[in-house]
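Got a few minutes for some hands-on practice? Open the viewer, try each task yourself, and then read the solution under it.

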Amino acid sequence: MPARTARLAAGAALVTALGAGLAVYGTGRTGGNSGPCAGAPQAIARLAPHARGAVAALQALETPRPAPALTFKGPDGADTTLAALDGRLRLVNLWATWCGPCKAEMPALDRLQAEMGGRDFTVVAINVETRNLDKPPQWLRDNAITHLAYYADPGGRVLPAVQKDTGSQGLPTTMLVDAKGCTLGVMKGPADWSGPDARRLLEAALGRN
């Protein structure tokens, strides 16, 4: 019995030590001190006070997490990934031509890309339609949307992945993803992305104000 008691005590001590190690170092998924999202809380703290006005519905995450691994078609029609665009803050927007609010906010997203797009920031607007695939690019041309790169997901992989990750069941859905691939905030529904409220929010996320 004494030997068995000693073994149980040793096992309990090991579990306690492992738990303490996780508490100190965190995990990549929860954005702990040594995970891939270690620097994201500072960006969230900067942007959260600016989630107001036209972008008040943006939900800044309490705990940043890696964005879902998304694969979709790039402007050249070849497969690309969200991770391939690491290095810039990204406003990842899911849209479709059968979604009225999506179409209403596309001109604002186009202006935002024209005004702020560059080495530090880009809009990644992904069309999620799986039928009539010539319709979305034609709609963009007809409505003079010229600054956004055309990303599409004819295979239907992106929408369910984002729905699972964000809990959003409708369109448009927008994720703010930092340069290292961590989600900082989620917008469920449309917004005026080219207005002053959105610009202040994004400038704060970039650490510019």
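Here are three exercises on this predicted model, each with a worked solution.

**Exercise 1**

Task: Work out whether strand S4 (residues 89–95) is enclosed or not, and check each of its faces.

Solution:
- Start with a general idea: in a regular strand, side chains alternate between the two faces of the sheet.
- Now take one side of S4, where you'll find Leu89, Leu91, Asn93 and Trp95, all buried.
- Flip to the other side, and Arg90, Val92 and Leu94 are buried as well.
- Put that together: 7 of the 7 residues of S4 are buried, so the strand is largely enclosed by the rest of the structure.

**Exercise 2**

Task: Find the strands that pair with S4, and say which residues Asn93 is bridged to.

Solution:
- Look at strand S5 (residues 121–127) to begin with: 7 bridges join S5 to S4, and the two run parallel.
- Within S5, Asn93 has Ala125 as its bridge partner.
- Trace the chain from S4 to S5 and you pass through helix H3 (residues 100–116), making a right-handed β-α-β crossover.
- Next comes S7, which pairs with S4 over 5 bridges in the antiparallel sense.
- Here the bridge partner of Asn93 is Thr174, a residue of strand S7 (residues 173–177).
- Asn93 and Thr174 also meet through their side chains, in a polar contact of 2.9 Å.
- Check the surroundings of Thr174 too: leaving out residues up to four places away in sequence, Thr174 touches several residues, among them Leu91, Glu105, Met187 and Trp193.
- How buried or exposed is Thr174? Its relative accessibility is 1%, so Thr174 counts as buried, the cut-off being under 20%.

**Exercise 3**

Task: Locate Asp120, decide whether it is buried, partly exposed or exposed, and list what it touches.

Solution:
- Go to the loop between H3 and S5, since that's where Asp120 sits.
- Its relative accessible area is 42%, so Asp120 is partly exposed.
- Skip its neighbours within four places in sequence, and the contacts of Asp120 are Arg88, Leu89, Leu206 and Arg208.
- Zoom in on Arg208: its side chain and that of Asp120 are joined by a polar contact of 3.1 Å.
- Finally, pick Asp178, which is 58 residues from Asp120 along the chain; the C-alpha atoms of the two are separated by 9.7 Å.

Note on methods:
Residues numbered from 1 in each chain as written. Predicted model: local features only at pLDDT ≥ 70, side-chain atom pairs only at ≥ 80, totals over all residues. Heavy atoms only, no water. Helix = DSSP H or I, 4+ residues; strand = E, 2+ residues; numbered from the N terminus. Buried < 20%, exposed > 50% of the residue type's maximum accessible area, 1.4 Å probe, protein only. Polar contact = N/O pair within 3.5 Å; in protein donor to acceptor, adjacent residues only side chain to side chain. Contact = heavy atoms within 4.5 Å. Pairing = 2+ DSSP bridges. Right-handed = clockwise from strand over helix to strand, strands pointing away.
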